[in-house]
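Visitor: I'd like a close look at one part of this protein, the salt bridges. Could you walk me through them, and then show me what else is around?

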Amino acid sequence: MTYPHPAGPWPSRPGPWTPAPMDPAHRQAAVRYEARAKKPIAAWILWILGPFMLHVPVHDFYLGAVGRGLVKLILAGIAWAGAITAYAMLMVTYEEGFDTGEPGSVGDAAITGPGPVFWAALIVMALTGLVTVIWWVVDSVGMSRRVECLDGQLRQELSRGHGVDPWSF
């Protein structure tokens, strides 16, 4: 049996493969939403890679929290400065006990323990590193909620701008 219409016996009813018709405002809102929406998988990948990229909180910058990301960068910088200072003080302390090459010097100079600068740098490094690690774990708890909140705000903004229902695209 052949039908005069190519869609079959029900020419007005679209098939399951046919997308619902959208007016231009809905289509433009949908395209802009897809272009600007934050992808959860990208946020999670950036969150995982952050500690391995010299403690750079790239997920915060991706999610638009620039101030939060800068605070974390400053904390990471302080932790690295503390680590480098502690290492340098430790090397200076142990270098004093080596042979200086002068007559009568066989490395018998007393090796003193690390000084107060070493311990202060070590404590600063440990505290700022601990704060950064705790903040990284706290970010993991709220990551999905942050992405959903940002996408919801974007959806509301686009729906107001185009005069359409926020959940129609």
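**A look at the salt bridges**

Guide: Let's start with Asp60, which is buried, with a relative accessible area of 0%. Keep in mind as you look that this is a predicted model. The side chain of Asp60 meets that of Arg68 in a salt bridge, at 3.8 Å from N to O. Arg68 is partly exposed, its relative accessible area being 29%. So here a buried acid (under 20% counts as buried) pairs with a partly exposed base.

That pair isn't on its own. Asp60 and Arg68 belong to a network of salt bridges that also takes in Lys72, Asp139 and Arg146. Within that network, look at Arg146 and Asp139: they form a salt bridge whose closest N and O atoms are 3.6 Å apart. Both Arg146 and Asp139 are buried.

Now swing over to another pair, Arg36 and Glu157. Their side chains make a salt bridge too, with 3.2 Å between N and O. Arg36 sits in helix 1 (residues 24-36) and Glu157 in helix 5, so this bridge ties together parts that are 121 residues apart in sequence. As for cover, Arg36 is partly exposed at 42% relative accessible area, and Glu157 is partly exposed as well, at 39%. If you want the tally, a search of the whole structure turns up 7 salt bridges.

Helix 5 is worth following a bit further, this time to the largest pocket. Helix 5 (116-162) and helix 4 (66-95) each supply at least two residues of that pocket's lining. The largest share, 6 residues, comes from helix 5. The pocket has a volume of about 270 Å³, and 17 residues line it. Nearest its centre you'll find Pro51, His55, Gly129, Thr132 and Val133. Sorted by class, the lining holds 11 nonpolar, 5 polar and 1 charged residues.

One last stop, on the surface. Ile41, Ile45, Leu49 and Met53 make a nonpolar patch of about 370 Å² there. Take Leu49 as one of them: it's found in helix 2 (residues 40-49). Leu49 has 38% relative accessibility, so it counts as partly exposed.

How values were computed: Residues are numbered from 1 along each chain as its sequence is written. This is a predicted model: local features need pLDDT of at least 70, side-chain atom pairs count only at pLDDT 80 or more; totals for chains, interfaces and linings use all residues. Side-chain values use heavy atoms; hydrogens and water are left out. Patches are made of residues with over 30% relative accessible area and no salt bridge: like charges are joined within 9 Å, nonpolar side chains (Val, Leu, Ile, Met, Phe, Trp, Tyr) within 5 Å. Accessible areas come from the Shrake-Rupley method with a 1.4 Å probe; for residues, only the protein chains shown count as cover. A salt bridge is a side-chain nitrogen of Lys or Arg within 4 Å of a carboxyl oxygen of Asp or Glu. Helices (H or I, at least four residues) and strands (E, at least two) are DSSP runs, numbered from the N terminus. Buried means under 20% relative accessible area, exposed over 50%, partly exposed in between (1.4 Å probe, protein chains only). On a 1 Å grid over the protein atoms alone, a cavity is a set of points where a 1.4 Å probe fits but cannot get out, and a pocket is an open set with protein on both sides within 12 Å along at least five of seven lines; lining residues have an atom within 4 Å of a point. Grid points are joined across faces, edges and corners, and a volume is the space filled by probe spheres set on the points. Ala, Val, Leu, Ile, Met, Phe, Trp, Tyr, Cys and Pro count as nonpolar, Asp, Glu, Lys and Arg as charged, and the others, Gly among them, as polar.
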